[in-house]
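Visitor: I am new to this structure and should be grateful for a guided reading of it. May we proceed by question and answer?

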Amino acid sequence: MKKRRLGTQGLEVSALGLGCMGLTSSYGEPKGRAEMLGVLRKAVELGVSFFDTAEVYGPFVNEELVGEGLEPFRDRVVIATKFGFEIDPTGRRPFGHLDSGPEHVREVAEASLKRLRIETIDLLYQHRVDPQVPIEDVAGAVGDLIAEGKVRYFGLSEASAATIRRAHAVQPVSALQSEYSLWWREPEGEVMATLEELGIGLVPYSPLGRGYLAGNFDGSRAFAATDFRSRLPRFSPEAMKANRKLVDLLASVGESRDATAAQIALAWLLARRPFVVPIPGTTRIDRLEENVAAADIRLTEDELTRLDRAAARIPIAGDRYPRQLEDLIDR
């Protein structure tokens with residue numbers, strides 16, 4: 001697979017990465033550990049070198065799985081993880097408490113290093129901007145870890161343009177991870193312009209709309225209580241039915257390419273900018289192979305124009321997050 005650069009500090013990764021959250025949580029009951037280790041190792045075999053995890057996924061168990069699965073390939077992979085939440089492993093405290101205090105950042109990094117079985121975290125993101133901690137202090141804390149050789153590169157997630165600028169002035173930011181897809185295009189405004197100006201990469205999470213843009217849902221499916229999507233307004237039966245036009249658009253472009261809707265959705269993202277690196281997640285090897293193949297699709301200007309114009313006429317139904325989670329996004 002071809003490589004892309006994230007930032008100007010030297011970070012180079014495969015054009016498509018693997019979002020690992022779903023390997024252990026969030027999308028229903030997790031599958032067997034051996035099977036998920038097989039997905040990680042198959043991804044390496046297919047040329048994926050960029051893997052995304054976080055301490056909060058599980059919590060903790062996702063990093064442990066990624067650490068075990070990628071340990072034999074350490075010299076071939078880039079591992080990204082995240083800090084920023086105050087985690088209660090017992091689950092008694094509601095999710096969403098933020099903590100990016102410098103001492104906590106160091107504690108999380110040290111614990112993540114052990115779970116990931118590595119000596120240096122390749123890319124360390126702030127998972128969500130903490131309004132109680134100046135971003136300059138956060139950037140400084142990660143800068144100290146970089147100086148000590150415990151972290152290589154610094155990233156932010158769902159940060160505003162103003163926050164990105166302030167952080168970058170203290171410690172160069174290599175990547176911003178934010179939701180971005182044909183059904184969530186908010187980063188295309190001031191944020192994208194800021195990334196381009198400062199030379200920062202963009203890592204879209206949920207590039208397939210949490211599976212929706214792959215054409216998997218028609219509104220008739222009921223999600224299990226353990227599936228994160230059961231709480232998302234955009235995955236209500238009414239919203240899924242209303243948004244089907246977007247999937248149909250992707251599928252229609254794919255027909256002439258012998259490509260799937262998911263592949264066109266990923267190819268569209270790859271065409272946005274050379275510093276965009278989507279991280280689709282999956283628990284299935286056939287879907288992994290399908291996603292990886294999208295890296296070889298080059299959409300024409302006519303196809304891109306068709307997608308943009310048609311998508312602009314399709315109103316998207318349903319908020320992407322419930323209010324308590326949307327409130328964690330930096331504005």
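Visitor: In which loop is P59 found?

Guide: Please bear in mind that this is a predicted model. The peptide bond that leads from G58 to P59 is cis, with omega near 5°. As for its place, P59 is found in the loop between β4 (50–52) and α2 (61–70).

Visitor: What is the length of the polar contact that joins the side chains of T24 and N62?

Guide: T24 lies in the loop between β3 and α1 (33–45). Leaving aside residues up to four places away in sequence, T24 touches P30, Y57, V61, N62 and L65. N62 is thus one of the residues that T24 touches, and the polar contact between the two side chains is 2.8 Å.

Visitor: Is T24 buried or exposed?

Guide: The cut-off for a buried residue is a relative accessible area under 20%. The relative accessibility of T24 is 15%, and therefore T24 counts as buried.

Visitor: In what order do the strands of the open sheet stand?

Guide: The sheet is made of 7 strands, and their pairing is parallel. At its edges are β3 (18–19) and β9 (201–205), each of which pairs on one side only. Read across the sheet, the order is β3-β4-β5-β6-β7-β8-β9.

Visitor: Over how many bridges do strand β6 and strand β7 pair?

Guide: Strand β6 covers residues 121–126, and strand β7 covers residues 151–157. L124 stands opposite F154 in β7, and Q126 has L156 of β7 as its bridge partner. The two strands pair in the parallel sense, and the number of bridges is 5.

Visitor: How many of the residues of β7 are buried?

Guide: A residue counts as buried when its relative accessible area is under 20%. β7 is mostly covered by that standard, and the count of buried residues is 6 of 7.

Visitor: Which residues does V78 touch, not counting those up to four places away in sequence?

Guide: V78 belongs to strand β5 (residues 78–83). Its relative accessible area is 11%, so V78 is buried. The C-alpha atoms of V78 and Y27, which are 51 residues apart along the chain, are separated by 24 Å. With the stated neighbours left out, the residues that V78 touches are L11, E12, V13, S49, F50, F51 and D122.

Visitor: Is E158 buried or exposed?

Guide: E158 has its place in the loop between β7 and α5 (161–170). Phi of E158 is near 50°, a positive value in a residue other than glycine. Because its relative accessibility is 7%, E158 counts as buried.

Visitor: What is the relative accessible area of R117?

Guide: R117 lies in the loop between α3 (102–116) and β6. R117 is not a glycine, yet its phi is positive, near 60°. The residue is partly exposed, the class that lies between under 20% and over 50%, and the relative accessible area of R117 is 42%.

Visitor: Which helix gives the most to the lining of the largest cavity?

Guide: A search of the whole structure finds 1 cavity of 30 Å³ or more, and the volume of the largest cavity is about 40 Å³. Its lining consists of L16, G17, L18, V48, P280, L288, N291 and V292. These residues divide into 6 nonpolar and 2 polar, with no charged residue. With 3 residues, the helix that gives the most is α10 (residues 285–293).

Visitor: Which residues lie nearest the centre of the second largest pocket?

Guide: The space in the second largest pocket is about 220 Å³. Its lining has 17 residues, which divide into 7 nonpolar, 3 polar and 7 charged. Those nearest the centre are A159, S160, E186, V191 and D330.

Visitor: Which element gives the most to the lining of the second largest pocket?

Guide: Two elements, β8 (173–179) and α6 (190–198), each supply at least two residues of this lining. The greatest contribution is 3 residues, and the element that gives it is β8.

Technical notes:
Residues numbered from 1 in each chain as written. Predicted model: local features only at pLDDT ≥ 70, side-chain atom pairs only at ≥ 80, totals over all residues. Heavy atoms only, no water. 1 Å grid on protein atoms, 1.4 Å probe; cavity = no way out; pocket = protein on both sides within 12 Å on 5 of 7 lines; lining within 4 Å. Points joined across faces, edges and corners; volume = space filled by probe spheres on them. Helix = DSSP H or I, 4+ residues; strand = E, 2+ residues; numbered from the N terminus. Nonpolar A, V, L, I, M, F, W, Y, C, P; charged D, E, K, R; others polar. Pairing = 2+ DSSP bridges. Buried < 20%, exposed > 50% of the residue type's maximum accessible area, 1.4 Å probe, protein only. Contact = heavy atoms within 4.5 Å. Polar contact = N/O pair within 3.5 Å; in protein donor to acceptor, adjacent residues only side chain to side chain.
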